[in-house]
Amino acid sequence: MSTRTTFQPVLERIAEEIERTPGSGRPADYIPALAACDPRRFGMAVAEPDGTVYGVGDWREPFSAQSITKVFTLALDLSREGDALWEHVGREPSGNPFNSLVQLEYENGIPRNPFINAGALVVTDRLHTRTGDAAGELLAFLRAESGNPDLTYDEEVAASETAHGDRNAALGHFMASYGNIDNPVPVLLEQYFRQCSVAASCADLALATGFLARHGIRADGTRLLSRSQAKQVNAVMLTCGTYDAAGEFAYRVGLPGKSGVGGGIIAVVPGHCTLCVWSPGLDERGNSVAGVAALDRFTTLTGLSVF
């Protein structure tokens, strides 16, 4: 299909359909700074591999990226240590809530995958060991790939996460007891909460994800990941990127994707484009209701899918 002539009309059609459907889902209420978001907000952006970006609705409105950032820290660490990372975190779907402690005990402190909170803590810890500032490394990467030098942390969200971070602290200490965390847990938690507090728009995140559509090549033409590593990240996104609803997401959308409880979802069509959709109303598993519906319609209308 000729994307030049079809992405914008497709996005506009999706936005009209979303507008007609009754709002459902509710914002993440366990992070007070997110609870006030209007669940009816909606934005969607598509970025082509050459950096051309299309958008609709609130596509330039910054929102809390939350767990979407886990994709970028995974890529940044994988580019540095390669397959050694997988000795410390698995690649299998969890089937349990994203902040579950139960599975960790069965599996001797090795998290099931890098996108549940325990796994993301391990990845951030390892990136911090290699860079001295994991959150800063992430922010620099997102600014460079999105072309937005103003992209930054939301300090209110970071403070809110810190104040309500007991479960993540428990995960960190539990894994540290198995020797799977290098840095002091308080240092790791500060890095992790800053990472999750990044505020970015659909346009920013669609562009920043472009390296996964370009098979590992950054916006400036340099290589971040090998083609094989980019495939690995996309595969883990497909199987693990939407918490314990990854099977349903693969069934409905058919793309590698990663959601965050801020209401955003990124998705990748390798070789073709990257997407980001945002709507704060979440289902019971922490995924944007309108966001999943919009991506479902996108793959249906365009025929673009990995299947």
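Biologist: In what order do the 3 strands of the open sheet stand?

Modeller: This is a predicted model, in which local features need pLDDT of at least 70 and side-chain atom pairs pLDDT 80 or more, while totals for chains, interfaces and linings use all residues. Residues are numbered from 1 along each chain as its sequence is written, and side-chain values use heavy atoms, without hydrogens or water. Strands here are DSSP runs (E, at least two residues), numbered from the N terminus, and two of them pair if DSSP finds at least two bridges between them. The pairing is antiparallel, and the order is β3-β5-β4.

Biologist: Lovely! Which strands are at the edges?

Modeller: An edge strand pairs on one side only. That describes β3 (63-64) and β4 (152-153).

Biologist: And which residue of β5 is the bridge partner of T152?

Modeller: β4 is joined to β5 (residues 198-200) by 2 bridges. For T152, the partner in β5 is A199.

Biologist: Turning to T242, is this residue buried or exposed?

Modeller: T242 sits in the loop between helices α12 (227-240) and α13 (246-252), helices being DSSP runs of H or I with at least four residues. Its relative accessible area is 2%. Buried means under 20% with a 1.4 Å probe and protein chains only, so T242 counts as buried.

Biologist: Which residues does T242 touch, leaving out those up to four places away in sequence?

Modeller: Touching means heavy atoms within 4.5 Å. The T242 side chain also reaches the backbone nitrogen of A246 at 3.4 Å. Beyond its sequence neighbours, T242 touches F249, S259 and N287.

Methods:
Buried < 20%, exposed > 50% of the residue type's maximum accessible area, 1.4 Å probe, protein only. Polar contact = N/O pair within 3.5 Å; in protein donor to acceptor, adjacent residues only side chain to side chain.
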